Amino acid sequence: MSTTGASADPLATLGSLPGVPESVESVRKSVDRVYGHRIMRRRSNEITAEAALRGARGSASLSGADWALEEVRRRTDFSGDDEARVVGASLRLTAEAGQLLSIWRQSPLRVLARLHLVAAAGKDDRVGRPRQEGEPVDEPLVELPLPSAAEVHGRLEGLSELIIAGGSAPALVTAAIVHGELLALRPFTSHNGLVARTAERIVLVGSGLDPKSVCPAEVGHGELGRAAYLAALEGYVSGTPEGMAAWIAHCGKAIELGARESTAVCEALQRGAA
């Protein structure tokens, strides 16, 4: 992870990059529109449940399982093939995320280990811990250079310290950095993309920006597409101010699209069409 200068609160420094304050404000307005909808006052649990389903579907699409929403909704068995297992993992992570909010600020590395355990759903001794030197990583859709296990360990510790320390950075900035760092590091032997996007969601909910989890950034990431996602990630990995700002803005746009999705769900419920 790179920042743009020495600071007691480096994530706050990133929040002042050109274009980032505008992204933060745009995200806040989009989220406020959903929470201000009249349906949210009466049926917020339904919106949360639908957002979870759509978010899981969006995250799975970026990990190679681009299923139609109705197929995700209909299916009950996710053990059949690789795509089904990806969708199943994404659904399990979405369900698990809400149970880990209270632990995140005290022990983010414990939460990340739990997320990988839930995603992998296996008994392999590589599950639920950061990878060791020489262990392969199954993340074929992210082809950036793979950091060494030693670098992964050091940067995870640094990320954990930032999260535990808190700070004044906007939720968008913190969520984007957590997401980008996990994708750049790929700390586990598998399911890193799914874990990274779930961690982003935990930050957005736990920060209070989206406490009811009705603005699924995963929907937006999926809608923006894999090519744009990976291009923005390359900006993050570059560590340049421009690249970091572009990644944060990309994550902001994804949250806005997630908010728009839930606004549409609210409108459909209001019309009695869903």
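Is Arg186 buried or exposed? I looked this up first. Arg186 is buried, at a relative accessible area of 3%. I keep in mind that the model is predicted.

**Entry: positive phi**

I stayed with Arg186 and checked its backbone. Its phi is near 45 degrees, a positive value in a residue that is not glycine. Arg186 sits in the loop between helix 9 and helix 10 (192–206).

I then turned to Ala121. Phi of Ala121 is near 50 degrees, again positive and again in a residue other than glycine. I placed Ala121 in the loop between helix 7 (108–120) and helix 8 (149–165). Ala121 has 56% relative accessibility and counts as exposed, whereas Arg186 is buried.

**Entry: cysteines**

How many disulfides does a search of the whole structure find? I got zero. I went on to Cys215. Cys215 is in no disulfide, and the nearest cysteine sulfur, that of Cys266, is 9.3 Å away. A disulfide needs the two sulfur atoms within 2.5 Å, so a separation of 9.3 Å rules this pair out. From the other side, the nearest cysteine sulfur to Cys266 is that of Cys215. Cys266 is in no disulfide either.

I also noted accessibility. Cys215 is buried, with a relative accessible area of 1%. Cys266 is buried at 0%.

**Entry: helix 9 against helix 12**

At what angle do helix 9 and helix 12 pack? I read about 90 degrees for helix 9 (residues 171–185) and helix 12 (residues 226–238). Their axes are 10 Å apart. The two helices are therefore roughly perpendicular to each other.

I listed the contact residues. Helix 9 brings Ile177, His179, Gly180, Glu181, Leu183 and Ala184. Helix 12 brings Tyr229, Leu233, Tyr236 and Val237. I sorted the contact by class: seven residues are nonpolar, two are polar and one is charged.

**Entry: aromatic pairs**

I counted aromatic pairs and found three.

Trp67 and Phe78 form a stacked pair. Their ring centres are 6.3 Å apart, with 25 degrees between the planes. Trp67 lies in the loop between helix 3 (38–62) and helix 4 (69–74). Phe78 lies in the loop between helix 4 and helix 5 (82–97). The pair therefore ties together parts that are eleven residues apart in sequence. I checked burial for both. Trp67 is buried at 9% relative accessibility. Phe78 is buried too, with a relative accessible area of 17%.

How far apart are the ring centres of Tyr229 and Trp247? I read 6.0 Å. Their planes stand at 50 degrees, so the pair is tilted. Tyr229 belongs to helix 12 and Trp247 to helix 13, so the pair ties together parts that are 18 residues apart in sequence. Tyr229 and Trp247 are both buried.

I followed the ring pairs further. They link Tyr229, Tyr236 and Trp247 into a cluster. Tyr229 and Tyr236 also appear in the contact of helix 12 with helix 9.

**Entry: His250**

I looked up His250 next. His250 lies in helix 13 (residues 241–271). Its relative accessible area is 10%, and His250 is buried.

Which residues does His250 touch, leaving out those up to four places away in sequence? I found His221, Leu224, Ala228, Tyr229 and Ala232. Tyr229 turns up here again, after its ring pair with Trp247.

**Entry: long-range neighbours**

I picked Ala51, which is found in helix 3. Ala51 is buried, with a relative accessible area of 3%. Leaving out residues up to four places away in sequence, Ala51 touches Ser213, Val214, Pro216 and Ser262. I also took a C-alpha separation. Ala51 and Glu218 are 167 residues apart along the chain, yet their C-alpha atoms are separated by 9.6 Å.

Where does Gly98 lie? I placed Gly98 in the loop between helix 5 and helix 6 (101–104). Gly98 counts as partly exposed, at 48% relative accessibility. Gly98 and Ser213 are 115 residues apart along the chain. Their C-alpha atoms are separated by 8.8 Å. I noted that Ser213 is also one of the residues that Ala51 touches.

Conventions: Residues are numbered from 1 along each chain as its sequence is written. This is a predicted model: local features need pLDDT of at least 70, side-chain atom pairs count only at pLDDT 80 or more; totals for chains, interfaces and linings use all residues. Side-chain values use heavy atoms; hydrogens and water are left out. Buried means under 20% relative accessible area, exposed over 50%, partly exposed in between (1.4 Å probe, protein chains only). Axes are lines fitted to C-alpha atoms, for helices over the stretch in contact, and angles run from 0 to 180 degrees between N-to-C directions. Helices (H or I, at least four residues) and strands (E, at least two) are DSSP runs, numbered from the N terminus. Angles under 35 degrees count as roughly parallel, over 145 as roughly antiparallel, 65 to 115 as roughly perpendicular and the rest as oblique. Contact means heavy atoms within 4.5 Å. Ala, Val, Leu, Ile, Met, Phe, Trp, Tyr, Cys and Pro count as nonpolar, Asp, Glu, Lys and Arg as charged, and the others, Gly among them, as polar. Rings of Phe, Tyr and Trp (its six-membered ring) pair if their centres lie within 6.5 Å; planes under 30 degrees apart count as stacked, over 60 as edge-to-face and the rest as tilted.
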